[in-house]
Structure formats: C-alpha cells, structure tokens
Amino acid sequence: MTAPLLEQLIDALRVLPGVGQKTAQRMAYHLLEREREGGEKLSAILAQAMERIGHCAQCRDFSETELCATCANGSRDRGQLCVVESPADRLAIETATGFRGVYYVLQGRLSPLDGIGPRELGLEQLDQRLAQGEISEMIIATSATVEGEATAHYLAQLARARTVRPSRLAQGLPLGGELEFVDRGTLSHAFGTRSEVRE
C-alpha cells in the first residue's frame, strides 16, 4: 500500500541537504496552503532541469550543452586550470576573483571510506587533459579538510608527472578577522605557512 500523496511530498522534500522531517513538512504545507502556483512552477522547472542539465564534456561542471559557457569562451587563459570540488566552488571563485583561466570540477573529493576514488572524480580525464601540454599551471582549490588535503596531494602528484606546475590556494586568517576569535587549527596553519612581507 502506497503512502498518501502528502506523505510522499514531504518525503521527497527531504532529499534536499539540511531538510529534515519538520522542515519538509513546513515546506509541503506552505506550498499547498499559500504557494500552489509557485509549487507548480517549481515542479516544472525541476523536471526540466533533471532532464536537460548534464555535465560539460571538458570540465565536468553542470551544463545544458556539451561545453559549458566557460569552456566554450575562447578568451579564457587555457594555460591556467583551477581544480575545484564542486560547481558551487567554481561559482564562488568566478564571482569573487578575477580568475580568467579554465576549470575542472571534481564533483567531490577523495574519500575511500565512502567509495570515492580517482575514477569517481574523473581524474583519468583530468590526466588526459594535462597530457595535452596546453596547461602550465594547475591551481588546486580543494577544501582544507582531511579529504580535501588528500585530494590536493594526489592532484599535485598528477600535475608534476605531466610537468605542470601545481599551486594551492593560500589558507589561513580571514580578511578582517580578529586573532582571538580564530580557531586554533587555522591560526597554527597560518603561522606555520607565514610569508615574507614585501615592499
């Protein structure tokens, strides 16, 4: 016997990150009580997105076409490749920096316990791209977690094997942050990787 439609809706909303039973219930009730038109629009757009959005053949970012807009843009610097964990990370770098190179989106990070290895991250495809000789620098922009650091180490080895210079995003104190409020791990890392003050 199938669950009533309302229960199915609540259950379906729980697939979203950070959405538990109560939040899903509030969302479902809100859509049904006050936002039916918005719910229908959401349903239609969601169905289209699931059907039409895939991955860029070159960088693995989300795209409706074979190549995403960034990869198709001929004015980007093809010598600089920034490797990120997720499309959200790519967007953050794109909007916050003046980076004009190209990207490679791993869609995760190495995590053997979760069954995520080099194959799941498309590292064979990345290696083939490095082998083409167009890339001179690979900027590794993975998170500062244990898995992120392991992924960065693996990526650096991959780059060096193809005579591509690996670089890593600087990590440490946040801009405008007060030392007394910075966690010990971040402060220790920032202190250990300090650099010379230049004129």
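These are my notebook entries on a predicted model, looked up one region at a time.

**Entry 1: helix H2**

I began with H2, which runs over residues 21–34 and has 14 residues. From its first C-alpha to its last it reaches 20 Å, close to the 20 Å expected at 1.5 Å a residue. I then asked which residues of H2 are buried. They are Ala24, Ala28 and Leu31. Seen down the axis of H2, these buried residues fall within an arc of 65°, so they line one face of the helix. The spacing made me recall a textbook point: an α-helix has 3.6 residues a turn, so residues three or four places apart point the same way. On the face of H2 turned away from the buried side I found the exposed residues Lys22, Arg26, Glu33 and Arg34. What covers the buried residues of H2? The cover includes helix H1 (5–13) and helix H3 (36–52).

**Entry 2: the cysteines**

Next I went looking for disulfides, and the count comes to zero. Cys56 is in no disulfide, and its nearest cysteine sulfur, that of Cys59, is 3.8 Å away. Cys68 is in no disulfide either; for Cys68 the nearest cysteine sulfur is again that of Cys59, 3.7 Å away. Since a disulfide needs the two sulfur atoms within 2.5 Å, I left both out of any bond. Buried or exposed, I wondered about Cys56? Cys56 counts as buried, at 2% relative accessibility. Cys68 is buried too, with a relative accessible area of 6%.

**Entry 3: Arg60**

Arg60 caught my eye in the loop between strand E1 (54–55) and strand E2 (62–63). Its phi is positive, about 70°, although Arg60 is not a glycine. For context, most residues other than glycine have a negative phi. I also checked the accessibility of Arg60: the relative accessible area is 15%, so this arginine is buried.

**Entry 4: Glu85**

Where does Glu85 sit? I found Glu85 in the loop between strand E3 (77–84) and helix H5 (87–96). Because its relative accessibility is 8%, Glu85 counts as buried. I followed its side chain and saw that it reaches the backbone nitrogen of Ser143 at 2.9 Å. Leaving aside neighbours within four places in sequence, I listed the contacts of Glu85 in two stretches and one further residue. Among them are Val105, Leu106, Gln107, Gly108 and Arg109. Ala141, Thr142 and Ser143 are also in contact with Glu85, as is Gly148.

**Entry 5: the aromatic pair**

I found one aromatic pair in the structure. The rings of Phe99 and Tyr103 have their centres 5.3 Å apart and their planes at 70°, so the pair is edge-to-face. Both partners turned out to be covered: Phe99 counts as buried at 13% relative accessibility, and Tyr103 is buried with a relative accessible area of 1%.

**Entry 6: helix H6**

H6 covers residues 123–131. Its buried residues are Leu123, Leu126, Asp127, Arg129 and Leu130. Down the axis of H6 they fall within an arc of 160°, so they line one face of the helix. Their cover includes E3, strand E4 (101–105), strand E5 (137–141) and helix H7 (146–161). Just after H6, I noted Gly133 with a positive phi of about 85°.

**Entry 7: helix H7 and Thr163**

How far apart are the end C-alpha atoms of H7? They are 23 Å apart, which agrees with the 22 Å that its 16 residues should span at 1.5 Å a residue. I listed the buried residues of H7 as Gly148, Thr151, Ala152, Leu155, Ala156, Leu158 and Ala159. They cover an arc of only 160° around the axis, which puts them on the same side of H7. These buried residues pack against E3, H6, E5 and strand E6 (165–168). The face turned away from them carries the exposed residues Val146, His153, Arg160 and Ala161. Gly148, one of the buried residues here, had already appeared in my contact list for Glu85.

My last stop was Thr163, in the loop between H7 and E6. Thr163 comes just after H7 and takes a positive phi of about 50°, although it is not a glycine. Is Thr163 buried or exposed? Thr163 is exposed, with a relative accessible area of 74%, whereas Arg60 with its own positive phi is buried.

Key
Residues are numbered from 1 along each chain as its sequence is written. This is a predicted model: local features need pLDDT of at least 70, side-chain atom pairs count only at pLDDT 80 or more; totals for chains, interfaces and linings use all residues. Side-chain values use heavy atoms; hydrogens and water are left out. Helices (H or I, at least four residues) and strands (E, at least two) are DSSP runs, numbered from the N terminus. Buried means under 20% relative accessible area, exposed over 50%, partly exposed in between (1.4 Å probe, protein chains only). A polar contact is a pair of N or O atoms within 3.5 Å; within protein, one must be able to donate a hydrogen and the other to accept it, and residues adjacent in sequence count only if both atoms are side-chain atoms. Contact means heavy atoms within 4.5 Å. The expected span of a helix is 1.5 Å times one less than its number of residues. The arc is that of the directions from the helix axis to the C-beta atoms. Rings of Phe, Tyr and Trp (its six-membered ring) pair if their centres lie within 6.5 Å; planes under 30 degrees apart count as stacked, over 60 as edge-to-face and the rest as tilted.
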